[in-house]
Amino acid sequence: MLRIEDDGRVRVLTLDRPEVRNAFDTALYDAAGAALTEAGEDPGVAVVVITGSEGAFSAGQDLSEMAALTAEPPADGEGHGFPRFMDALTAFPKPLIAAVNGVGVGLGFTIVGHCDLVLVSEEARFRTPFTALGVAPEAASSLLFPALMGWQDAAHVLFTSRWVSAIEAVELGLAWRCCPPDRLMAETLAVAAEIAAMPVVSLVATKRVMVAARADAVAAARRREDAEFSTLVGGPANTEALTAFLEKRPPDFTDL
């Protein structure tokens with residue numbers, strides 16, 4: 001589900017649910033969140049790299065689980081692990097690098113807004129499918145995407161749920177460098193090692209002052225998104241989108 005490996009002072013977290021293109025279910029949310037918290041507290045870790053297994057970065061939320069949770073919410077009131085993972089992600093105090101080796105959908109795309117450096121394979125491609133699922137944006141992407149891309153490019157990406165290529169992601173400011181697929185991890189680890197050679201206290205202080213200006217805005221964006229999402233999830237548009245997914249057909253929003 002989640003592989004954890006150390007390369008010197010660089011910790012590599014590999015999302016490993018290849019049968020569903022590394023989509024997040026509750027267990028993976030919890031495992032990834034716990035791994036980030038542990039790495040943040042470990043004095044021997046200076047940098048974290050997050051990547052995916054077997055040619056995919058992450059397909060985002062596991063829609064089969066989402067459909068089940070929508071139909072029958074958990075009795076314990078905790079819900080699934082997405083908010084807990086987001087808390088760990090936004091609080092992560094050290095440099096975080098994404099090595100996007102393939103498809104990144106939903107959280108597999110919005111997570112890049114929280115990474116300090118993003119390297120992408122030439123075969124990577126991204127999509128925010130929120131309108132296509134009848135819901136609203138997540139992970140503060142309503143704030144971070146306009147900041148990274150500019151308002152109009154972000155509006156086009158978020159409104160249409162269209163695909164974004166690896167080259168376009170670099171051009172839009174969503175990624176830092178595009179690499180041949182067979183060079184992605186080598187180049188990512190080289191950059192990570194360069195950063196990890198610096199004092200951890202200095203890296204933590206530098207990230208702290210960099211994110212301070214946006215921390216309150218990110219928290220507020222998440223609250224707004226969660227409120228909109230909660231009014232839409234399980235509604236007619238979302239139900240039609242999930243039903244169409246399970247039935248392997250295009251959704252029909254004609255009357256919605």
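The residues that line the largest cavity of this predicted model divide into four nonpolar and four charged, with no polar residue among them. The lining is made up of Phe-82, Pro-83, Met-86, Glu-138, Ala-139, Arg-222, Glu-225 and Asp-226. Two helices, α3 (82–91) and α9 (200–232), each supply at least two residues of this lining. The volume of the largest cavity is about 30 Å³, and a search of the whole structure finds one cavity of 30 Å³ or more.

Apart from the cavity, the model contains an open sheet of six strands, arranged in the order β1-β2-β3-β5-β7-β10 with mixed pairing. The edges of the sheet are occupied by β1 (2–7) and β10 (177–179), each of which has a single partner strand, so that one side of each is left without a neighbour in the sheet. From one strand to the next, the twist averages 20°. Strands of a sheet pair through backbone hydrogen bonds, in either the parallel or the antiparallel sense, and both senses are found around β2: strand β2 (residues 10–15) runs antiparallel to β1, to which it is joined by six bridges, whereas its pairing with β3 is parallel and likewise extends over six bridges.

Individual bridge partners can be assigned on either pairing of β2. On the β1 pairing, Arg-3 has Thr-14 of β2 as its bridge partner, while on the β3 pairing the partner of Val-10 is Val-47 of β3. The connection between β1 and β2 is a hairpin with two residues between the strands, and Gly-8, which lies in the turn, has a positive phi of about 65°.

The surroundings of β2 were examined next. Six of the six residues of β2 are buried, and the strand is therefore largely enclosed by the rest of the structure. In a regular strand the side chains alternate between the two faces of the sheet. For β2, both faces are covered, since Val-10, Val-12 and Thr-14 are buried on one side, and Arg-11, Leu-13 and Leu-15 are buried on the other. Burial here denotes a relative accessible area under 20%, a cut-off that Arg-11 meets together with the aliphatic residues Leu-13 and Leu-15 on its side of the strand.

Helix α8 (residues 184–196) lies across the sheet strands β1, β2, β3 (47–52), β5 (96–100), β7 (117–121) and β10. With respect to β5, helix α8 runs at about 170°.

Terms used
Residues numbered from 1 in each chain as written. Predicted model: local features only at pLDDT ≥ 70, side-chain atom pairs only at ≥ 80, totals over all residues. Heavy atoms only, no water. Pairing = 2+ DSSP bridges. Helix = DSSP H or I, 4+ residues; strand = E, 2+ residues; numbered from the N terminus. Axes fitted to C-alpha atoms, helices over the stretch in contact; angles between N-to-C directions. Contact = heavy atoms within 4.5 Å. 1 Å grid on protein atoms, 1.4 Å probe; cavity = no way out; pocket = protein on both sides within 12 Å on 5 of 7 lines; lining within 4 Å. Points joined across faces, edges and corners; volume = space filled by probe spheres on them. Nonpolar A, V, L, I, M, F, W, Y, C, P; charged D, E, K, R; others polar. Buried < 20%, exposed > 50% of the residue type's maximum accessible area, 1.4 Å probe, protein only.
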